[in-house]
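Work through the exercises below with the structure open. Try each task before reading its solution.

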Amino acid sequence: MTTSVAEQMTMSVSNPGQKRADKSSAASHRSHANLLICRARRGSKSSLGSLLEQYRNYLVVLAATQIEKRLQPRVSPSDVVQETMLRAHKNFGQFRGTTEQELLAWLRQILVNNLARFVEQHMLAARRDVRREVSIERLGVALEQSTIQLAALVPAQGKSPSMAVQQREEAVVLADRLAQLPEDYREVLVLRNLQGLPFEDVARRIGRSVGATRMLWLRAIEKLRTVYRQDPSSEG
């Protein structure tokens with residue numbers, strides 16, 4: 001049975017390898033990530049495992065934004081992300097970057113390829129008479145936009161919103177913070193902010209009135225911002 005993105009994120013938070021150094025500053029985190037990348041490129045399997053697990057929540061959120069409602073019973077974001085992790089482990093020798101920014105771009109590309117393959121397989125299984133091509137380029141653009149939308153959940157304080165590198169790094173932190181929220185909060189934020197659904201559609205999806213959905217969304221936004229700003233790792 002396919003679990004919701006909210007449930008998948010809850011399960012990943014309890015994974016010790018997923019916990020990030022919450023007491024570190026953003027700069028310290030980047031330094032630590034870059035150190036793990038260096039060690040992983042030298043052949044350390046433990047460093048590679050620790051490195052990739054840091055981005056599981058981030059990838060789950062991005063995958064969830066690109067899977068259409070009609071395919072959700074068949075295509076699980078966690079399955080797509082697990083395949084992405086396996087491919088990243090197997091093909092890490094092909095990664096030529098040295099920074100977290102470059103690693104995120106590489107992981108997103110693997111995720112795009114896996115999303116295209118999963119979605120195309122299930123679309124063809126559902127409609128064998130319709131040969132619809134899944135655009136990898138479109139998925140890549142959509143994932144990039146979702147990263148920006150994720151980072152925008154908490155406005156940067158005293159920082160330029162045009163700083164794309166910082167936005168991507170904050171998106172990873174926010175995905176982890178999002179995973180700590182109650183399930184109904186996570187769901188309404190994913191549907192409204194990341195999938196861009198109007199409140200009427202979100203209300204139908206979660207079984208609430210439009211007014212109640214708006215109130216839930218406001219509480220969820222405030223809770224996420226509170227959790228994020230209380231976390232020392234979010235400080236620049």
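**Exercise 1.** Find which residues Leucine 150 touches, leaving out residues up to four places away in sequence.

Solution. In this predicted model, start with the earlier part of the chain: Leucine 150 touches Tyr58 and Val61. Then go to the later part, where Leucine 150 touches Ala171, Leu174, Ala175 and Leu194. Next, place Leu150 in its setting: the largest nonpolar core has 54 residues, and Leu150 is listed with Tyr58, Leu103 and Leu189 as having the most contacts inside it. Last, look at what builds this core: helix 6 (residues 100-126) gives the most to it, with eight residues.

**Exercise 2.** Describe how helix 10 and helix 11 pack.

Solution. Locate helix 10 at residues 199-206 and helix 11 at residues 210-230. Their axes are 9 Å apart, at an angle of about 95°. Angles of 65 to 115 degrees count as roughly perpendicular, so helix 10 is roughly perpendicular to helix 11. From helix 10, Phe199, Glu200, Val202, Ala203 and Ile206 meet Val210, Thr213, Arg214, Leu216 and Trp217 in helix 11. Sorted by type, the residues of this contact are seven nonpolar, one polar and two charged.

**Exercise 3.** Decide where the model calls for caution.

Solution. Begin with the chain: its mean pLDDT is 75, and 64% of its residues reach 70 or more. Among the elements, helix 3 (residues 45-53) has the highest mean pLDDT, 94, and helix 1 (residues 5-13) the lowest, 49. Now check residues 128-133: the pLDDT is below 50, and the stretch has eight contacts beyond near neighbours in sequence. Residues 158-165 also have pLDDT below 50, with six such contacts. Where pLDDT is low, predicted coordinates should not be read in detail.

Definitions and conventions: Residues numbered from 1 in each chain as written. Predicted model: local features only at pLDDT ≥ 70, side-chain atom pairs only at ≥ 80, totals over all residues. Heavy atoms only, no water. Axes fitted to C-alpha atoms, helices over the stretch in contact; angles between N-to-C directions. Helix = DSSP H or I, 4+ residues; strand = E, 2+ residues; numbered from the N terminus. Parallel < 35°, antiparallel > 145°, perpendicular 65-115°, else oblique. Contact = heavy atoms within 4.5 Å. Nonpolar A, V, L, I, M, F, W, Y, C, P; charged D, E, K, R; others polar. pLDDT = per-residue confidence, 0-100. Core = buried A, V, L, I, M, F, W, Y, C linked by side-chain atoms within 4.5 Å. Buried < 20%, exposed > 50% of the residue type's maximum accessible area, 1.4 Å probe, protein only.
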